[in-house]
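Visitor: I am new to this structure and would like to be taken through it slowly. Could you show it to me before we begin?

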Amino acid sequence: MTGKSYTFTHAIARRPSASIIDGLRAVDTGAPDLALFEQHHADYIAALRSTGAEVTVLDPLEEYPDSVFVEDAALCLPQGAVVMRPGAPSRLGEAEEMAQTLARFYDDIQTITDPHYIEGGDILTTEKEILVGTSARTTPGGIDALRAAVADWGHSVREVTTPAGVLHFKTDCSLLDEETILATKRLDASGCFEGYRVIHTAEGEEAAANTIRFNALVIMPSGFPRTAQTLDKAGYNVCEIGNSEAAKLDGGMSCLSLRFSPPARG
Ligand code: CIR
């Protein structure tokens, strides 16, 4: 296993806060249950750690109800980190909180600044490029700012489109290996994955698309048996984690961590 786009030594997560009941959601299907969310979160952290990774678990931030979804606050690359500028006003302050944590691991930290917006959930890093979907949270200017921030590190950024009504680009896709993407049919139909092998989520199991490849594991939300079987048959080592509470806030497996291998510090 060598793929730098899914092989990580570290991850950062943040425990859910009691204020999670005020988290953003497209459709209200009821308040998340904190105790159950905490259990799912603990299972998720255990899965990350089971691969040998060092996982930093931050304390809850009551002032930011959505701060458990740490992925949106930053992009971590082998050379450095980029602090995002979330498009949701209630989430703007999460970026600065994450910047402080990133400084433990990175010397080179870039920051997306006013007036641009970009959230980590819209960013899919593959072996050869960084795909970023425009969305209600991520503007073309934000994508251009990211492109400028990572150019010196040798990364190319390609702007794509998050489907209308979908929160983030990665709500509908995940990286499985160097050449393979798990995606909903609706996102794949946009043509953005030309040149990749694409495995589709099963009909009616679109929410399974927010999965992560983390070292040897494909960590996916439980409750999507046909997609899990497809991935299993394709040879992936599937690990299912309860996601009922995060799902009430449009969250899935990728949102709950930042995954990275920090550069050696000299
Ligand atoms: C939000 O609307 O911002 C949160 N309730 C969910 C964020 C999910 N994050 C992600 O997909 N990366």
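Guide: A polar contact here is a pair of N or O atoms within 3.5 Å; within protein, one must be able to donate a hydrogen and the other to accept it, and residues adjacent in sequence count only if both atoms are side-chain atoms. This is a predicted model, in which local features need pLDDT of at least 70 and side-chain atom pairs count only at pLDDT 80 or more, while totals for chains, interfaces and linings use all residues. Residues are numbered from 1 along each chain as its sequence is written, and side-chain values use heavy atoms, with hydrogens and water left out.

Visitor: Which residue has a polar side-chain atom 3.0 Å from an oxygen atom of the ligand?

Guide: Other side chains also reach the ligand: a polar side-chain atom of Asp72 lies 2.8 Å from a nitrogen atom of the ligand, and an N or O atom in the side chain of Arg91 is 2.8 Å from an oxygen atom of the ligand. The residue with the 3.0 Å distance to a ligand oxygen is His168.

Visitor: How much of the ligand's accessible area does the protein cover?

Guide: Accessible areas come from the Shrake-Rupley method with a 1.4 Å probe, and for residues only the protein chains shown count as cover. On its own the ligand has 350 Å² of accessible area, and the share of this that the protein covers is 99%.

Visitor: How many charged residues does the shell around the ligand have?

Guide: A residue is near a molecule or strand if one of its heavy atoms lies within 4 Å of it, and of the 13 residues around the ligand, those that come nearest are Asp66, Asp72, Arg91, Arg137 and Leu249. Asp, Glu, Lys and Arg count as charged, Ala, Val, Leu, Ile, Met, Phe, Trp, Tyr, Cys and Pro as nonpolar, and the others, Gly among them, as polar. The shell has 5 nonpolar and 2 polar residues, and its charged residues number 6.

Visitor: Which strands stand at the edges of the open sheet with the order 9-10-11?

Guide: Strands are DSSP runs (E, at least two residues) numbered from the N terminus, and two strands pair if DSSP finds at least two bridges between them. This open sheet of 3 strands has mixed pairing, and strand 10 (residues 180-183) pairs with strand 11 in the parallel sense over 4 bridges. One side of each edge strand is left without a neighbour in the sheet because each has a single partner strand, and these are strand 9 (173-175) and strand 11 (197-200).

Visitor: Which residue in strand 7 stands opposite Leu124?

Guide: Another open sheet of 3 strands has the order 6-7-8, with mixed pairing. Strand 6 and strand 7 (residues 130-134) run antiparallel and are joined by 3 bridges. Opposite Leu124, the residue in strand 7 is Leu131.

Visitor: Where is Pro115, which is joined to Asp114 by a cis peptide bond?

Guide: Most peptide bonds are trans. The bond between Asp114 and Pro115 is cis, with omega about 10°. Pro115 is found in the loop between strand 5 (109-111) and strand 6 (123-125).
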